[in-house]
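Here is a short report on a single chain. It covers the fold, the salt bridges, the main pocket and a surface patch.

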Amino acid sequence: RRDPENRGSKVSCYTDNNSIPSVVSEHEQGTRNLKKMNSKQLSLHNHFVSPMYPKTENEKKFLMEALLGNLIFDSLSSRDRVDFIDAMQKEHVNAKDTLIRQGDI
């Protein structure tokens, strides 16, 4: 159902253990789910060496800014974030290519 304040976001109603209905926005539910996913900090083993693909300074800056605004990557240390960006590889695709299909994973 739609948000009662008509902001356009959907809300969910559910009942907790005390049978008290609650209203939770999609954003709030998504934030809760991400916190569950990020509850453990990723720790790479010392012997792991990530791949490194060349990037321009502008590409590195763009990727760093994109990751800083993403809850999934909030738990990464600065060093791990740089390693992650270094390991990213540019891939060219056609406009009609399917990149992600819901339910595949």
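## Salt bridge across the chain

A salt bridge here is a side-chain nitrogen of Lys or Arg within 4 Å of a carboxyl oxygen of Asp or Glu. The model is predicted. In it, the side chains of Glu-59 and Lys-90 form such a bridge, with an N to O distance of 2.9 Å. The pair joins distant parts of the chain. Glu-59 sits in helix α2, residues 57-68. Lys-90 sits in the segment after α3. The two residues are 31 apart.

How accessible are the two partners? Glu-59 has 25% relative accessibility. Residues from 20% to 50% are partly exposed, so Glu-59 falls in that class. Lys-90 has a relative accessible area of 59%. The cut-off for exposed is over 50%, so Lys-90 is exposed.

## Overall layout

The chain has three helices and two strands. Read from the N terminus, the order is β-β-α-α-α. The chain holds 105 residues, and 12% of them count as buried. Buried means under 20% relative accessible area.

## Other salt bridges

How many salt bridges does the rule give? The count is four. Among them is the pair of Asp-83 and Arg-79, whose closest N and O atoms are 2.5 Å apart. Both residues belong to helix α3. They are four residues apart there, so about one helical turn separates them. Asp-83 is partly exposed, at a relative accessible area of 22%. Arg-79 is also partly exposed, at 49%.

Another bridge pairs Arg-101 with Asp-104. Here the closest N and O atoms are 3.9 Å apart. The limit is 4 Å, so the pair counts. Asp-104 has 52% relative accessibility and counts as exposed. As background, side chains of opposite charge can pair when their charged atoms come close.

## The largest pocket

What volume does the largest pocket have? It comes to about 160 Å³. The lining consists of Tyr-53, Pro-54, Lys-55, Glu-59, Phe-62, Leu-63, Met-88, Gln-89 and Lys-90. By class, five of these residues are nonpolar, one is polar and three are charged.

Glu-59 and Lys-90 both appear in this lining. They are also the partners of the 2.9 Å salt bridge. That places a salt-bridged pair among the lining residues. Glu-59 contributes from helix α2, and Lys-90 from the segment after α3.

## A nonpolar surface patch

Which residues make the nonpolar surface patch? They are Val-93, Leu-99 and Ile-100, and the patch covers about 350 Å². Val-93 lies in the segment after α3, the helix spanning residues 78-87. Its relative accessibility is 41%, so Val-93 counts as partly exposed. Patch members need over 30% relative accessible area, so Val-93 at 41% clears that bar.

## Met-64 and Ser-78

Met-64 lies in helix α2. At 24% relative accessibility, Met-64 counts as partly exposed. How far is Met-64 from Ser-78, in sequence and in space? The two are 14 residues apart in sequence. Their C-alpha atoms are 9.7 Å apart.

Technical notes:
Residues are numbered from 1 along each chain as its sequence is written. This is a predicted model: local features need pLDDT of at least 70, side-chain atom pairs count only at pLDDT 80 or more; totals for chains, interfaces and linings use all residues. Side-chain values use heavy atoms; hydrogens and water are left out. On a 1 Å grid over the protein atoms alone, a cavity is a set of points where a 1.4 Å probe fits but cannot get out, and a pocket is an open set with protein on both sides within 12 Å along at least five of seven lines; lining residues have an atom within 4 Å of a point. Grid points are joined across faces, edges and corners, and a volume is the space filled by probe spheres set on the points. Ala, Val, Leu, Ile, Met, Phe, Trp, Tyr, Cys and Pro count as nonpolar, Asp, Glu, Lys and Arg as charged, and the others, Gly among them, as polar. Patches are made of residues with over 30% relative accessible area and no salt bridge: like charges are joined within 9 Å, nonpolar side chains (Val, Leu, Ile, Met, Phe, Trp, Tyr) within 5 Å. Accessible areas come from the Shrake-Rupley method with a 1.4 Å probe; for residues, only the protein chains shown count as cover. Buried means under 20% relative accessible area, exposed over 50%, partly exposed in between (1.4 Å probe, protein chains only).
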